[in-house]
Amino acid sequence: MDRIRIVGGSRLEGVIPISGAKNAALPLMIASLLTRETLTLENLPRLADVRLLLRILGNHGVDHAIAGKRPGESAISGQTLHLDAKNIVDTTAPYELVSRMRASFWVLAPLLARMGEAKVSLPGGCAIGTRPVDLLLMALEKLGVGLDIEAGYVIARAPKGLTGGQIVFPKVTVGGTHMALMAASLARGDTVIHNAAREPEIVDLADCLIKMGAKIRGAGTSTIEISGVTSLGGARHAVLPDRIETGTYAMAVAMTGGDVFLQGARPELLQAALDTLTRTGAEITSDSLGVRVRRGGGRIHSVDVMTDPFPGFPTDLQAQFMALMTRADGVSRITETIFENRFMHVQELARFGAKIHLEHDTAVVTGVPTLKGAPVMATDLRASVSLVIAALVAEGETTVHRVYHLDRGFEQLEQKLGACGALVERISGGD
Ligand code: EPZ
């Protein structure tokens, strides 16, 4: 397994191109199951999760082709992927694949909508909490799906097709909203999703489905209305820029000091996080080409945050912000409201000398003047990148183990940071 070695102390200066969003790319790829025609996705990030989902879709009979590099494109430009689900050959998603990536459970919705049946393994637990699927299944039941759970598999049937209905989510769920959108697009009649997730990735999926012929109104608000159609066609769609990658690098610059232009980033996708960073003392400006983050030599101010569904402060930036607060000039309270156990990074940050204690759903971080490099272990995707942020300012050397977590969601992390002056290298092999 690869490791990443970081020598702390360099300011970040330069340009970081922002990749297509992982959490938009995955549902968009899954939407290819809804049509016999070709779905072409541009600006697709090169990530382990994308490659794994291609294998999962391949198992259902989806063919794919990745377009070669065009003149003028750099290695960092997103890829163009053609997905072709003309013939669905298998409606089962096996445990071996679904257990490796929770989002693959979402294939249940398009398989049902198109084939009237599907058998998908329950995704199981993960390092950030129990993450049940009750709301995802409830949404499908509201659309007339019959469900059984047998030997760890959800067996779902809608032999006469899906029918529109009222879906009321008691809690905002991104995956539930993605599944409801896909299923309702091919249901008979009208569906209304109440308390829908408003995340930009939902809007991106809805935009793509509309290009494919779906009739969807209100994506990006809490009430989404869908009038079902009998079939969907092919489309071409560019994946939106990754707001979590944007926020991660913005926090890295706020941590190290420096001046970095995040090329292609869209500030409106993460305004709450950027406003919080401004309060810590970073200077943030933007134009139509991206977002610029600067911080001079002053101290980092401590700021309290609470995670919330969009447009609130994203849970996927909580660990990175905690890393920043370990060096702030006071006490910061960071409250996690989305996942009950998303604090696995606390004990690893403590290895750098960070002072953090947990009070139920809140981490109380007391800033320290220096962090010291240490061997640390990545536990999940966002937790691992928080360790990288800490390492960038830690005295001496840090080795981050189990970097496959990083490879799931950050494209060319070492190259992007290295190009801005960070001393980062990947060491192949080891534990
Ligand atoms: C998506 O996960 C993202 N994943 C997560 O990003 C992100 O943290 C999360 O949304 C919240 O923003 C992808 O987009 C691939 P949820 P999802 O359903 O859809 C509870 C990352 O690092 N819930 O919105 O699985 C659930 O336990 C990942 O990129 C139920 O109770 O999240 C949680 O407390 C990690 N029952 C809350 O809802 C259900 O049936 C929100 O989860 C479903 C969810």
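Which residues are linked with Asp407 in a network of salt bridges? I began my notebook with this, keeping in mind that the model I am reading is a predicted one.

**Entry 1: the network**

I found that Asp407 shares a network of salt bridges with Asp2, Glu414 and Arg426. I then looked up one pair of this network, and the side chains of Arg426 and Asp407 meet in a salt bridge at 2.7 Å, N to O. This pair links distant parts of the chain, since I placed Arg426 in strand S24 (residues 423-427) and Asp407 in helix H13 (residues 404-409), 19 residues apart. I also checked how far the two residues are covered: Arg426 is partly exposed, with a relative accessible area of 27%, and Asp407 is partly exposed as well, at 24%.

**Entry 2: other salt bridges**

For the whole structure I noted 20 salt bridges, and I picked out further pairs to read one by one. The side chains of Lys22 and Asp49 meet in a salt bridge with 3.9 Å from N to O. Here too distant parts of the chain are linked, because Lys22 belongs to helix H1 (residues 22-30) and Asp49 to helix H2 (residues 48-60), which puts the pair 27 residues apart. Are Lys22 and Asp49 buried or exposed? I wrote down Lys22 as buried, with a relative accessible area of 7%, and Asp49 as buried, with 2%; the cut-off I needed for this is that a residue counts as buried under 20%.

The next pair was Asp259 and Arg292, whose side chains meet in a salt bridge at 2.6 Å, N to O. Asp259 lies in strand S15 (residues 258-263) and Arg292 in strand S17 (residues 290-295), so the salt bridge ties together parts that are 33 residues apart in sequence. Arg292 I recorded as partly exposed, with a relative accessible area of 30%.

**Entry 3: two domains and their contact**

I turned to the domain assignment, which gives domain 1 as residues 3-19 + 241-427 and domain 2 as residues 22-238. The centres of domain 1 and domain 2, taken over C-alpha atoms, are separated by 30 Å. The contact takes 25 residues from domain 1 and 21 residues from domain 2.

How much area is buried between domain 1 and domain 2? I noted about 2000 Å², of which carbon and sulfur atoms give 54%. In domain 1, the residues that lose the most area to domain 2 are Phe310, Arg408 and Glu411, and together they make up 30% of what that side buries.

I next looked at the polar side of this contact, where the count between domain 1 and domain 2 is three salt bridges. I also looked up Arg46 and Glu411, whose side chains meet in a salt bridge at 3.0 Å, N to O. Between domain 1 and domain 2 there are six residue pairs in polar contact, counting pairs with both residues at pLDDT 80 or more. On the side of domain 1 that touches domain 2, H12 and H13 each supply at least two residues, and the largest share, three residues, comes from H13. I sorted the residues of this side by kind and wrote down nine nonpolar, five polar and 11 charged.

**Entry 4: helix H12 and the loop before it**

Helix H12 (residues 381-393) is mostly covered, and I noted that 13 of its 13 residues are buried. Which residue caps the N-terminal end of H12? I found Asp380 there, with a side-chain oxygen that lies 2.9 Å from the backbone nitrogen of Arg382.

Thr379 lies in the loop between strand S22 (375-377) and H12, and I recorded Thr379 as partly exposed, with a relative accessible area of 21%. For a sense of distance I compared Thr379 with Arg266, and found them 113 residues apart in sequence and 28 Å apart in space, C-alpha to C-alpha.

**Entry 5: Thr177**

My last look was at Thr177, which is found in helix H6 (residues 174-185). Thr177 is buried, with a relative accessible area of 0%. A polar atom of the side chain of Thr177 lies 2.7 Å from the backbone oxygen of Thr173. Leaving aside neighbours within four places in sequence, I listed Phe169, Ile193, Ala196, Ala197, Ile202 and Ile224 as the residues in contact with Thr177.

Definitions and conventions. Residues numbered from 1 in each chain as written. Predicted model: local features only at pLDDT ≥ 70, side-chain atom pairs only at ≥ 80, totals over all residues. Heavy atoms only, no water. Salt bridge = Lys/Arg side-chain N within 4 Å of Asp/Glu carboxyl O. Helix = DSSP H or I, 4+ residues; strand = E, 2+ residues; numbered from the N terminus. Buried < 20%, exposed > 50% of the residue type's maximum accessible area, 1.4 Å probe, protein only. Polar contact = N/O pair within 3.5 Å; in protein donor to acceptor, adjacent residues only side chain to side chain. Domains from an automatic or database assignment. Contact = heavy atoms within 4.5 Å. Buried area = accessible area lost by both parts, 1.4 Å probe. Nonpolar A, V, L, I, M, F, W, Y, C, P; charged D, E, K, R; others polar.
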